[in-house]
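Work through the exercises below with the structure in view. Try each task before reading its solution.

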Amino acid sequence: MSAPVNLVNLERVQKAHGTTVLLDDVSLGVAAGERIGVVGRNGSGKSTLLGVLTGREEPDAGRVTRRGDLALGVLDQSGTLPPGATVRDVVLPGSLFAAEHEWAADPAVRSVLTGLELDRLGLDAPVAPMSGGERRRVALAAQLVRPLDLLVLDEPTNHLDVEGVAWLAGYVRERVGALVVVTHDRWFLDEVCTTTWEVADGRVHSYDGGYAAYTLACAERARVAAATEERRLNLVRKELAWLRRGPPARTSKPRFRIEAAQALIADEPPPRDSLALAGFAARRLGRTVYDVEEVSYAVPGDDGPRALFRDLTWHVGPGDRIGVVGVNGAGKTSLLRLLVGETEPDRGRVVRGQTVAPAYLSQHVTELDGRLRVLEAVQEVGRIVRLAGQEISASSLAERFGFPAARQWTPVGDLSGGERRRLQLLRLLMAEPNVLLLDEPTNDLDIDTLTALEDLLDGFPGTVLVVSHDRYFVDRVCDSVVALMGDGSLAALPGGVEEYLARRAAGEAQLPSTAPAGPTPGTAPAGAARPAGEVRAARKEATRLERRLERLTAEEERLHAELAAAATDHARVLELDGRLRALLAEKDQVETDWLAAAEVAEG
């Protein structure tokens with residue numbers, strides 16, 4: 001039977017020291033003849049990786065397999081040598097060289113002794129009184145003279161001069177067998193290594209070539225990351241632009257922070273061009289989308305039929321973006337089902353436009369064939385979709401909704417509830433509807449997916465109806481809000497969700513069987529005014545704290561500048577870092593006090 005290609009294999013290895021995860025789900029292998037350089041920040045786990053590779057450390061999880069007859073040599077950073085030994089005992093033991101002529105006739109052994117200057121130290125010199133550098137050269141020589149399948153070196157160039165490093169590079173480059181080396185010597189990496197492993201954040205990233213090739217690959221990765229970050233910042237700017245146009249309560253932050261945010265979004269267009277979208281939607285939909293005319297509808301109840309709608313009349317036009325709110329049981333889902341024709345009214349009628357192509361996202365996840373892959377389930381609806389004025393492939397849209405390329409081949413039956421919800425949304429959008437009816441679309445979706453959905457809806461050229469308890473999503477996506485008041489009527493809310501909450505607090509929007517809610521005992525009624533003296537004192541305190549925050553911010557900027565200037569002065573950096581930490585703690589407390597005072601000052 002032929003030997004396996006790899007000398008050592010790591011499969012889904014995990015390793016932590018205390019609470020720090022150094023290796024997280026790492027899978028890799030070392031093949032015969034490979035020369036691998038390992039790089040990474042101090043503390044990133046390079047030595048731990050070597051320990052797991054060589055068997056000196058056991059993984060917390062995963063599996064490490066080694067070829068049965070593997071001849072392995074290791075140089076660690078400890079430099080531990082047997083007590084009472086001489087150079088000859090360590091480097092040329094009798095188990096390898098029974099007689100002096102055996103090694104004296106070997107040019108490779110003579111090269112090691114000369115290259116590491118052990119001939120100058122003397123073969124009979126005891127190792128105990130030697131310096132750390134000398135002991136390390138002895139330990140390195142002991143590994144280099146042995147015939148090994150795999151040589152693992154941790155910082156071998158330490159304590160070597162320029163000539164010694166050059167000799168070592170030439171020697172290991174020409175030797176037979178695989179090599180894994182951790183070193184900060186970039187020239188050595190370029191001279192010796194054909195593969196570079198970067199250990200970072202618990203992962204091991206592999207690059208072809210030495211340090212120069214690794215640097216170029218990192219630069220390319222940084223360029224791609226910068227492009228991704230730019231796209232993310234565009235979303236952030238859009239969010240900030242929307243927040244700035246929202247109610248003043250959302251921007252209750254120190255003035256200098258508001259000014260910074262406004263500078264960031266000064267040239268940012270609104271999240272969507274409502275007029276342009278409405279015009280496009282009218283061309284796609286015509287004048288009529290949904291006309292609800294004097295509709296009455298009731299559902300069975302414990303005490304007989306309960307009326308959800310009484311003589312309800314409502315017009316939904318092309319390009320409308322409407323949020324529907326109301327207490328549970330008021331009939332929000334029933335309203336959407338009436339619009340799409342899943343149910344019919346008891347009296348009255350629902351007129352649907354001839355060109356309406358609706359997509360209805362219900363609260364129940366549509367069951368799909370569990371054997372289908374995610375991408376297959378999306379492509380079953382369509383391969384290309386036109387959204388926000390651009391064509392998007394099924395795979396690209398799936399990636400925007402949290403299904404990276406590898407995850408797109410997961411069977412639907414293996415998806416979580418949240419992932420199935422995302423898949424349901426994807427399939428709806430791939431059908432290219434011109435009317436979206438979304439019933440609690442934020443259920444089971446994470447923030448990243450919600451942001452992607454909001455961004456897509458910003459450019460959706462059609463009508464959007466949203467039923468949701470997520471007020472941020474409603475405010476973000478919709479241009480108007482209506483509420484089912486629980487008495488069979490539908491009320492327009494020019495003030496949005498804020499107005500709905502105010503009307504709820506006033507006892508409106510209750511189900512017929514529910515008594516109006518009164519104020520909680522021991523609390524002040526909504527809108528109760530604070531004493532004028534308390535408000536004046538709070539305003540004065542808020543002004544004082546704001547001035548203090550401005551001074552602290554200026555001091556923070558100065559300390560950052562000093563830290564940059566003193567980057568090579570370790571003692572100075574430690575001093576400045578301590579001052580900066582104390583300042584940031586004080587700034588955090590002052591900001592908390594400011595927010596409390598500002599809330600009282602607003603009355």
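**Exercise 1.** Find which residue just after α4 takes a positive phi.

Solution. This is a predicted model. Step along the chain past the end of helix α4, which spans residues 107–115. Just after α4, E117 has a positive phi of about 60°.

**Exercise 2.** Identify the residue that caps the N-terminal end of α4.

Solution. Go to the N-terminal end of the helix and look for a side-chain oxygen facing a backbone nitrogen. The cap is D106: one of its side-chain oxygens lies 2.9 Å from the backbone nitrogen of A108.

**Exercise 3.** List the buried residues of α4, state how they are arranged around the axis, and say what covers them.

Solution. Step one: the buried residues are V109, V112 and L113. Step two: these residues span an arc of only 95° around the axis, so they sit on the same side of α4. Step three: the cover includes α2 (87–91), α3 (100–104), α5 (118–121), α6 (132–144) and α7 (162–174).

**Exercise 4.** Decide whether T463 is buried or exposed, and find a polar partner for its side chain.

Solution. Locate T463 in strand β18, residues 463–467. Its relative accessible area is 0%. Buried means under 20%, so T463 is buried. For the partner, turn to G317: its backbone oxygen lies 3.0 Å from a polar atom of the T463 side chain.

**Exercise 5.** State how many helices and strands the protein chain has, and what share of its residues is buried.

Solution. The chain contains 20 helices and 20 strands. Of its 603 residues, 44% are buried.

How values were computed
Residues are numbered from 1 along each chain as its sequence is written. This is a predicted model: local features need pLDDT of at least 70, side-chain atom pairs count only at pLDDT 80 or more; totals for chains, interfaces and linings use all residues. Side-chain values use heavy atoms; hydrogens and water are left out. Helices (H or I, at least four residues) and strands (E, at least two) are DSSP runs, numbered from the N terminus. Buried means under 20% relative accessible area, exposed over 50%, partly exposed in between (1.4 Å probe, protein chains only). A polar contact is a pair of N or O atoms within 3.5 Å; within protein, one must be able to donate a hydrogen and the other to accept it, and residues adjacent in sequence count only if both atoms are side-chain atoms. The arc is that of the directions from the helix axis to the C-beta atoms. Contact means heavy atoms within 4.5 Å.
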